[in-house]
Amino acid sequence: MVWKLKQRQQKWLEGEKGTVLKDWGGKISIALAFPNRYAVGMSNLGFQYVYCALNRFETVVCERVFYPEPEDIALIRQTPGSLLSVESQRPLLDFDLVAFSVPYENDYTNLVEMLRFAGIAARAGDRTTGQPLVAAGGVALFINPEPLADYLDFLFAGEAESLLPEFVDFLKQFENSSAPRAEILKDMAKSVKGIYVPSLYEPVFKKDGALDSIHPLAPDLPERITVRRADLLKSDPCRTSVFTANTEFSNVMLLEIGRGCGRGCRFCAAGFVYRPVRYHSAEKLLQTASFNSGTNRIGLVSAAVSDHPEIASLCSSLLDRGGSLSFSSLRADSIDSQILSALESSEHHAVAIAPEAGSQRLRRVINKNLSEEQIYRAAELLAQKGILNIKLYFMIGLPTENGDDLEAIVALAKGIRHHVLSSSRGKTRLGTVTLSVNSFVPKPFTPFQWTGFAGVVDLREKAKWIHKALARVPNIRVHFDLPKWAYVQALLSRGDRRVSFFIDKVAQENFSWTRAMRSSPLNPDFWVMRERERDEKFPWEVLDHRIERNYLWEEYGRALQEKESPECLPGGNCRKCGVCGP
Ligand code: SF4
């Protein structure tokens, strides 16, 4: 029956352009694993970049592995060891290292299941000589590695460009070595900056359940793991390396134009853990874009694409070459004539903007720095260019939110509808305003790390109220996420190692999340709902992003006082958050 799985993978390979097929002889073999389906993984630029970067090392052969397609899961469960790499269709047990790329917390259980499917012991402590090393990296783990700590031999705490060369050199020394895995891991933790080996660190909890400390178990290990940043000026931009029709972005070359965001929105972890904001030069981006990918569609990717200092010239040069552009994100306050022409000539009919909160007051709390006038103006400009479908992102359950803020979401949606419809008159199509309303999850390393999650019942009530208020308004659609999944995300992003109890139940015993939570001696609300004291230690602080805790606390205070903070503009003498310090 395994031939069925092989057949599927063969089909994927036949539909790809850019696959790297390498001979294994004398190389370090790495299975780069994505804990979700092929189509999701292949749409992820970080995953694509690491695949390409690892294969650039002559000493490495890197192949991809994905979470099985739904129709294959039963078969894979019945046949231990049947999870195979895509390229050579080998079992994961054949590899030296299985390295997961993990962008989302809700995929943690898939990661543990994949180990099971591969016949690899799920818990790091149960692995024996002969089993591959198991590691992970990715933004979810930069934010908090602790919920997965017991499953991983080590973690990549840092950006691939800076960490991989040293790591590959280190691993090369151990080729054909019979050194015990514990020794290799200890050596790696000491000699490769940015590698975190959780088994060498012990968490200690107080009687009330809060964390007391996480301390290293050997004197020569760092107290905290400094997360490594890449110097983008010296690195090549990330771009799609393997093209396939089986992705959300088929026939689009994704191109990362910058990393991080300087706006300092207080809910956004990426705006803090990727500081300082860095950009690739337009010159380098144009060189990368001239790669013969077989498509002229380019998707510009960054936390805030329109903030790139050379965005106007970059767009016009790409358009002059006959390209068509799409943007991963646009800020309402930076939609100007150049961006509009790029959108128009690329024939966009829909654009997303993210007010995040309905009222000006709540936008000050989250430091969105966006006025109602700017949002209306953006909608108007887009509509005038014939872009009549606008998607609006909002969050509910934000700190200090009240009934007026919910009413303001409804009013803003109606106001935008009015602007779009006024500009649609006389046109053959009517515009649609689509609201995407998501539950706020307080994330580590943000000023809101001290606050609690709003709660499933509260969020459901709020969603119901918004739904009712907009149900009869024509040309407005509203989509909500499911608060119960946001609760799970909060548990996995704010938890410590004890959260592995729930992961085990779901991934190893096939419990539903509800059943796993009911069967737990520990109440998950402890991690999810609890407002933290100022001095409470956080499990995620085993990582050091160089962001000062005091700075985040001050920002939290400013949020509660409804005060905005200025943008982070690297390059000067700013020492505000600590990241650019000496
Ligand atoms: S120190 Fe200043 S410029 Fe540097 S990342 Fe922090 S806020 Fe931005």
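**Close-up 1. Helices α16 and α17 pack against each other in this predicted model.** Here we look at α16, which covers residues 456–470, and α17, which covers residues 483–494. Their axes lie 9 Å apart, and the packing angle is about 140°. As α16 passes α17, the crossing is right-handed. On the α16 side, the contact is made by Val456, Leu459 and Arg460. Pro483, Lys484 and Tyr487 make it from the α17 side. Sorted by class, the residues of this contact come out as 4 nonpolar and 2 charged, with no polar ones.

**Close-up 2. Helices α5 and α18 cross at roughly 55°.** This view pairs α5 (residues 108–118) with α18 (residues 500–508), and their axes come within 9 Å. That crossing angle makes α5 oblique to α18. The handedness of the crossing is right-handed. Who touches whom? From α5 come Tyr108, Thr109, Val112, Glu113 and Arg116. From α18 come Ile503, Val506, Ala507 and Gln508. Taken by class, the contact of α5 with α18 has 5 nonpolar, 2 polar and 2 charged residues.

**Close-up 3. Helices α10 and α11 come within 10 Å of each other, axis to axis.** The pair here is α10, residues 282–289, and α11, residues 311–320. Their axes cross at roughly 25°, so α10 counts as roughly parallel to α11. The crossing of α10 past α11 is right-handed. Look for Ala282, Leu285, Leu286 and Ala289 on α10; they make the contact with Ser313, Leu314, Ser317 and Leu318 on α11. The contact of α10 with α11 has 6 nonpolar and 2 polar residues, and no charged ones.

**Close-up 4. Three strands line up as an open sheet in the order β12-β15-β16.** The strands of this sheet pair in parallel fashion. At the edges sit β12 (253–256) and β16 (324–327), each of which pairs on one side only. Ignoring direction, neighbouring strands of the sheet are turned by 30° against each other on average. Zooming in on one pair, β12 runs parallel to β15 (residues 297–301), and the two share 4 bridges. To find one of these pairings on screen, start at Met253: its bridge partner in β15 is Ile298.

**Close-up 5. Strands β8 and β9 form a hairpin.** The two strands, β8 at residues 201–205 and β9 at residues 211–216, run antiparallel and are joined by 5 bridges. Phe205 stands opposite Leu211 in β9. The hairpin has 5 residues between its strands. Which residue takes a positive phi in this hairpin? That's Gly209, with a phi near 95°.

**Close-up 6. A shell of residues surrounds the ligand.** Two of the residues around the ligand are Arg275 and Pro276. Cys568, Leu569 and Pro570 are also part of the surroundings. Further along the chain, the shell includes Cys574, Arg575, Lys576 and Cys577, together with Val579 and Cys580. How do the residues of the shell divide by class? The split is 8 nonpolar and 3 charged, with no polar residues.

Conventions: Residues numbered from 1 in each chain as written. Predicted model: local features only at pLDDT ≥ 70, side-chain atom pairs only at ≥ 80, totals over all residues. Near = placed C-beta within 6 Å. Nonpolar A, V, L, I, M, F, W, Y, C, P; charged D, E, K, R; others polar. Pairing = 2+ DSSP bridges. Axes fitted to C-alpha atoms, helices over the stretch in contact; angles between N-to-C directions. Parallel < 35°, antiparallel > 145°, perpendicular 65-115°, else oblique. Left-handed = near helix turned anticlockwise from the far one by under 90°. Contact = placed C-beta atoms within 7 Å.
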